[in-house]
Amino acid sequence: MKTYLVTGGAGFIGSNFILYMLKKYQEEIKIINVDCLTYAGNLENLKEVENQKNYKFLKVDVCDKEAILKIFQTYEIDRVIHFAAESHVDRSIRNPEVFVNTNVLGTLNLLNAAKLAWETEDGFKPGKKYLQVSTDEVYGALEGEEGYFYETTPLDPHSPYSASKTSADLMVKSYVDTFHFPANITRCSNNYGPYQFPEKLIPLMIHNALNGKKLPVYGSGKNVRDWLYVEDHCRAIELVAENGKAGEVYNVGGHNEKKNIEIVTTIIDTLLEMLPTDDPRRKLISHDLITYVEDRKGHDFRYAIAPDKIKAELGWEPETPFSEGIKLTIAWYLEHMEWMERITKGEYQKYYETMYRM
Ligand code: NAD
Ligand code: DAU
């Protein structure tokens with residue numbers, strides 16, 4: 001039975017990954033979820049698996065050296081899937097320090113603990129893999145409508161968030177180059193889907209629209225992001241962790257570029273299409289809610305991933321077209337209004353205290 005150490009498993013992509021893996025492999029794998037539950041971590045996401053014997057939650061900060069070492073001493077970890085991070089660009093512009101601590105030093109701490117646990121006299125125990133979940137933002141920005149990010153594109157991050165993710169990637173690369181440490185890096189484009197924290201574009205717009213609140217579009221609304229349904233990302237991570245060539249970087253993307261304003265208008269139109277005709281919230285939702293606001297500082301213009309390598313080497317392709325994924329996402333939020341209300345009221349930390357009493 002393989003044991004996965006998943007960090008940041010109470011966040012958006014991490015919780016989707018744990019649910020996806022436990023659904024697919026049932027009792028054939030064990031998952032240890034290490035998360036310190038920042039504002040973005042929510043154990044409610046994992047309620048359906050919390051009592052499974054092969055799932056364990058540990059409230060641990062990835063920067064805590066002793067606690068991380070102890071986990072590797074207690075369990076025979078086969079896979080590390082490192083999601084834990086401060087993930088929001090806007091927050092990094094206001095408060096970069098925590099991004100360096102968690103994203104860079106947390107990664108280094110995890111690398112050291114895995115290296116110590118896995119190294120042998122002549123290399124590393126066979127079959128081990130560390131996967132660094134990175135981002136397309138490490139490549140900087142594409143200035144025009146043309147071109148793509150490849151794995152060979154020079155690293156050129158702009159925001160404190162992307163600079164911290166790039167630094168973490170370089171630490172992983174240094175362990176691969178220096179020690180032949182068995183690691184992969186995946187660099188994915190913007191994810192969307194269930195359980196995304198409503199500070200990010202898509203859930204923020206869904207929540208605001210349903211409450212008749214203004215929809216704040218930064219700058220011209222013409223900036224482009226390449227959107228991927230979160231389950232497609234989870235599949236890519238699983239594939240790279242299992243079959244990716246050690247030491248390699250794999251780009252993951254949806255070939256689904258959209259201007260921000262297109263996303264916002266699609267959300268309005270889809271909500272109006274999906275809400276029943278007698279739903280009172282319909283009266284609150286209109287294109288008049290769109291409000292252009294001051295641009296994000298240093299706002300990257302366009303991201304677009306070329307996922308050619310992961311397709312050629314591992315056979316991965318996105319499976320969820322945006323037209324379907326956005327409906328699945330909106331339907332999920334409509335069915336989980338209480339989840340959203342608790343999150344936006346900051347009450348989800350209480351869930352943890354009630355549940356675990358610590
Ligand atoms: P998120 O903000 O939703 O979740 C982050 C999780 O990490 C939370 O549960 C939080 O409690 C936990 N965490 C934060 N600091 C921690 C610490 N010091 N110790 C332990 N746990 C800690 O983030 P997300 O959107 O799910 O992103 C997950 C990863 O994927 C990040 O590394 C991010 O850079 C990367 N990524 C995200 C996207 C995207 O579109 N969201 C795209 C590409 C890559
Ligand atoms: O590209 C991958 C990255 O995608 C991940 O590494 C990050 O963790 C993730 O947060 C995301 O970063 P972005 O900055 O692209 O995502 P965000 O949802 O914050 O913004 C998407 C676009 O929408 C961006 O161009 C800014 C714009 N925006 C965002 C918000 C929150 C608005 O116009 N209005 C808003 O209120």
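The shell of residues around ligand 1 in this predicted model is made up of 14 nonpolar, 11 polar and three charged residues. Altogether 28 residues surround this ligand, and those that come closest are Ile13, Asp35, Ser87, Tyr161 and Lys165. Lys165, one of these closest residues, places a polar side-chain atom 2.6 Å from an oxygen atom of ligand 1. Two further approaches involve the protein backbone: an oxygen atom of the ligand is 2.9 Å from a polar backbone atom of Asn191, and a backbone N or O atom of Thr38 lies 3.0 Å from an oxygen atom of ligand 1. Taken on its own, ligand 1 has 830 Å² of accessible area, and the protein covers 97% of that area. The elements that contribute two or more residues to this shell are helix 1, strand 7 (129–135), helix 5 (160–179) and strand 9 (190–192), and among the contributors strand 7 gives the most, with three residues.

From here the description passes to the second ligand. Around ligand 2 there are 22 residues, of which Thr135, Asp136, Tyr161, Arg296 and His299 come nearest. Tyr161 thus appears among the nearest residues of ligand 2 and also among the closest residues of ligand 1. Ser87, which is listed with the closest residues of ligand 1, also has a polar backbone atom 2.8 Å from an oxygen atom of ligand 2. A backbone N or O atom of Leu201 likewise lies 2.8 Å from an oxygen atom of ligand 2, while His299 brings a polar side-chain atom to 2.7 Å from an oxygen atom of this ligand. Ligand 2 exposes 690 Å² when taken alone, and the protein buries 94% of that. Two elements give two or more residues to its shell, namely helix 6 (201–210) and strand 10 (215–218), and the largest share, three residues, comes from strand 10. By class, the residues around ligand 2 divide into nine nonpolar, seven polar and six charged.

What space does the second largest pocket hold, and which residues lie nearest its centre? This pocket contains about 390 Å³ of space, and 15 residues line it, with Asn16, Leu19, Lys23, Pro194 and Glu231 lying nearest the centre. Its lining draws at least two residues from each of helix 1 (12–25), helix 7 (230–243) and helix 10 (322–335). Helix 1 supplies the largest share of that lining, five residues, and this helix is also among the elements that give two or more residues to the shell around ligand 1. In terms of residue class, the pocket lining has 11 nonpolar residues, one polar residue and three charged residues.

The last topic is the pairing of aromatic rings. Across the whole structure, a search finds 19 aromatic pairs. In one of them, formed by Tyr175 and Phe179, the ring centres are 5.0 Å apart and the planes stand at 70 degrees, so the pair is edge-to-face, given that planes over 60 degrees apart count as such. Both Tyr175 and Phe179 lie in helix 5, four residues apart, which is about one turn of the helix. Helix 5 has already been met as one of the elements that give two or more residues to the shell around ligand 1.

Technical notes: Residues are numbered from 1 along each chain as its sequence is written. Chains are lettered from A and ligands numbered from 1 in the order in which they are written. This is a predicted model: local features need pLDDT of at least 70, side-chain atom pairs count only at pLDDT 80 or more; totals for chains, interfaces and linings use all residues. Side-chain values use heavy atoms; hydrogens and water are left out. A residue is near a molecule or strand if one of its heavy atoms lies within 4 Å of it. A polar contact is a pair of N or O atoms within 3.5 Å; within protein, one must be able to donate a hydrogen and the other to accept it, and residues adjacent in sequence count only if both atoms are side-chain atoms. Accessible areas come from the Shrake-Rupley method with a 1.4 Å probe; for residues, only the protein chains shown count as cover. Ala, Val, Leu, Ile, Met, Phe, Trp, Tyr, Cys and Pro count as nonpolar, Asp, Glu, Lys and Arg as charged, and the others, Gly among them, as polar. On a 1 Å grid over the protein atoms alone, a cavity is a set of points where a 1.4 Å probe fits but cannot get out, and a pocket is an open set with protein on both sides within 12 Å along at least five of seven lines; lining residues have an atom within 4 Å of a point. Grid points are joined across faces, edges and corners, and a volume is the space filled by probe spheres set on the points. Rings of Phe, Tyr and Trp (its six-membered ring) pair if their centres lie within 6.5 Å; planes under 30 degrees apart count as stacked, over 60 as edge-to-face and the rest as tilted.
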